[in-house]
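Here is a walk through one protein model, going from the whole chain down to a handful of residues. Keep the viewer open while you read.

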Amino acid sequence: MRFRFHFFDTLASTNDTAREKFYRHGDVIVADAQTAGRGQRGNVWSSSPGLNLMFSVVLEPVFLPAAEQFRLLQCVALSLSDMFGSYGLDARIKWTNDIYVGDRKIVGVLMEQSLRGGYMDRCVVGIGINVNQRQFEPWVPNPTSMSLETGREFDCRQVLDAFCVALDRRYGRLCGGEADVIAADYLRRMYRLDTESGFVLPTGERVTGTVRGVGPCGELIVEFEGGVRKSFLFSEIRFVI
Ligand code: BTN
C-alpha cells in the first residue's frame, strides 16, 4: 500500500477530516493537536499537543464482506501490537481493539466505516498512540505511554512509519486471503485470554468469567462457572480493570 501523509498543526478531529471524500485509500491525516478528539462510546479523546500521535488512515477494503468487517479491526489491532513489538513492548489487544501494556491503555482506536452492497466501502481508522506523554488528566482511565513504559523518548514520526510498515504487512495478508492467520494471531495477542476476569454488564451487574476468544463477527466469548459459554457484542460487556 502506498501511504500519503497529510500533516496538520490542529484539527477538530483527524477522523472528521479523513471522512472528507477527497481522501482515499492510503491517505493518512496526522494532527499535532485536536480540539474535539473523539473516542469510543461517545467519549472525548484527551492527548497533550505535540507529545503523542493522533492520526486517521483511510482504507477502502471493498473486497471485504460487511459481515467480516471485524477482520479489518483485527488487522489494525495486530499492526499496532506488531509495531510495539518492534520497540520491545509486549502490547496486548484488549477486545475489541484497545491496546494495553499490562493493565494500562497505550492506544485507542476509533474505526468509522461505510458499507455498500453488502461489502465494506470506506473505513476511517482513527488512532491515538500515547508516545511521550507522562502525565494524564485525572479522569483518563488507566493510561500509559511508550515513554512511561520504557523511560525513553520517541520520535513520533518514526513510530508512525513503523506502524504503517506493520499495517502494510497485515493488510496485505488480509487482501491475500489470509484472514485465518490474522484471526489466530489476534487470539494469541488477546489481553487476559484464558485468565479469570471481572466484567460489568449494561445493567451494572458484575460477573466473573474467562475470555476464551472471539466469534466470527467479533463477539467476545466468555466462559462462566460450570463451563457455560456466552458471546457478547461490544456494547454488552466491559472488563473491570
Ligand atoms: C478510544 O479509545 O476511545 C478511541 C480513541 C481514538 C482517538 C483517535 S486520535 C485520532 C483520531 N481522531 C479522533 O477524533 N479520534 C481518533
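## Buried or not

Quick bit of vocabulary before we start: a residue is called buried when its relative accessible area is under 20%, exposed when the value is over 50%, and partly exposed in between. Leu 59 comes out at 0% relative accessibility, so it counts as buried. Bear in mind that this is a predicted model.

For the protein chain as a whole, 51% of the 241 residues count as buried. The accessible surface adds up to about 11,400 Å², and carbon and sulfur atoms own 49% of that.

## The overall picture

The protein chain has five helices and twelve strands. Lay the C-alpha trace along its principal axes and you get a span of about 55 × 45 × 35 Å. How does the radius of gyration of the protein chain fit with a compact globule? A compact globule of 241 residues would sit near 18 Å, and the protein chain has 17 Å, so the two agree.

Contacts reach well along the sequence, too: among those with a separation of 6 or more, 58% join residues 24 or more positions apart. As for charge, there are 28 positive and 29 negative ones in the protein chain, and their mean positions are 1 Å apart.

## Helix 2

Helix 2 covers residues 70-86, and its length checks out: 17 residues at 1.5 Å a residue should span 24 Å, and the end C-alpha atoms are indeed 24 Å apart. This helix is mostly covered, with 13 of its 17 residues buried. After helix 2 comes Gly 88, which has a positive phi near 80°.

## Leu 59 and Glu 60

These two residues sit on either side of an element boundary. Leu 59 belongs to strand 3, while Glu 60 is in the loop that links strand 3 (53-59) to helix 2. We've already seen Leu 59 at 0%; is Glu 60 buried or exposed? Glu 60 has 18% relative accessibility, and since the cut-off for buried is under 20%, Glu 60 counts as buried.

Setting aside residues up to four places away in sequence, Leu 59 touches Met 1, His 25, Leu 72, Asp 121, Arg 122, Cys 123, Val 125 and Tyr 171. On the same basis, Glu 60 touches Arg 24, His 25, Asp 121, Arg 122 and Tyr 171. For a sense of distance, C-alpha to C-alpha, Glu 60 and Gly 26 are 34 residues apart in sequence and 8.4 Å apart in space. Leu 59 and Phe 154, on the other hand, are 95 residues apart in sequence and 26 Å apart in space.

## Asn 15 and Lys 94

Now for two buried polar side chains. Asn 15 lies in helix 1 (residues 14-18) and counts as buried at 3% relative accessibility. What does Asn 15 touch, leaving out residues up to four places away in sequence? The list is Arg 38, Ser 56, Leu 110, Glu 112, Val 124, Val 125 and Gly 126. Asn 15 and Glu 225 are 210 residues apart in sequence, with 41 Å between their C-alpha atoms.

Lys 94 is part of strand 4, and with a relative accessible area of 11% it is buried as well. Its contacts, apart from neighbours within four places in sequence, are Tyr 100, Tyr 191, Phe 239 and Ile 241.

## Backbone oddities

If you like checking torsions, start at the peptide bond from Trp 95 to Thr 96: it is cis, with omega near 0°. Thr 96 is placed in the loop between strand 4 (92-94) and strand 5 (98-101).

Then head to the loop between helix 5 (179-188) and strand 8 (196-200), where you'll find Arg 192. Arg 192 isn't a glycine, yet its phi is positive, near 60°. Asp 194 is in the loop between helix 5 and strand 8 too, and it also has a positive phi, about 60°, without being a glycine. Where does Asp 194 fall on the accessibility scale, with its 48%? It counts as partly exposed, given that exposed starts at over 50%.

Notes. Residues numbered from 1 in each chain as written. Predicted model: local features only at pLDDT ≥ 70, side-chain atom pairs only at ≥ 80, totals over all residues. Heavy atoms only, no water. Helix = DSSP H or I, 4+ residues; strand = E, 2+ residues; numbered from the N terminus. Rg over C-alpha atoms; globule rule 2.2 N^0.38 Å. Buried < 20%, exposed > 50% of the residue type's maximum accessible area, 1.4 Å probe, protein only. Contact = heavy atoms within 4.5 Å. Areas by Shrake-Rupley, 256 points an atom, 1.4 Å probe, with all protein chains shown as cover. Lys, Arg positive; Asp, Glu negative; His and termini not counted. Charge placed at Lys NZ, Arg CZ, Asp CG, Glu CD. Expected span 1.5 Å × (residues − 1).
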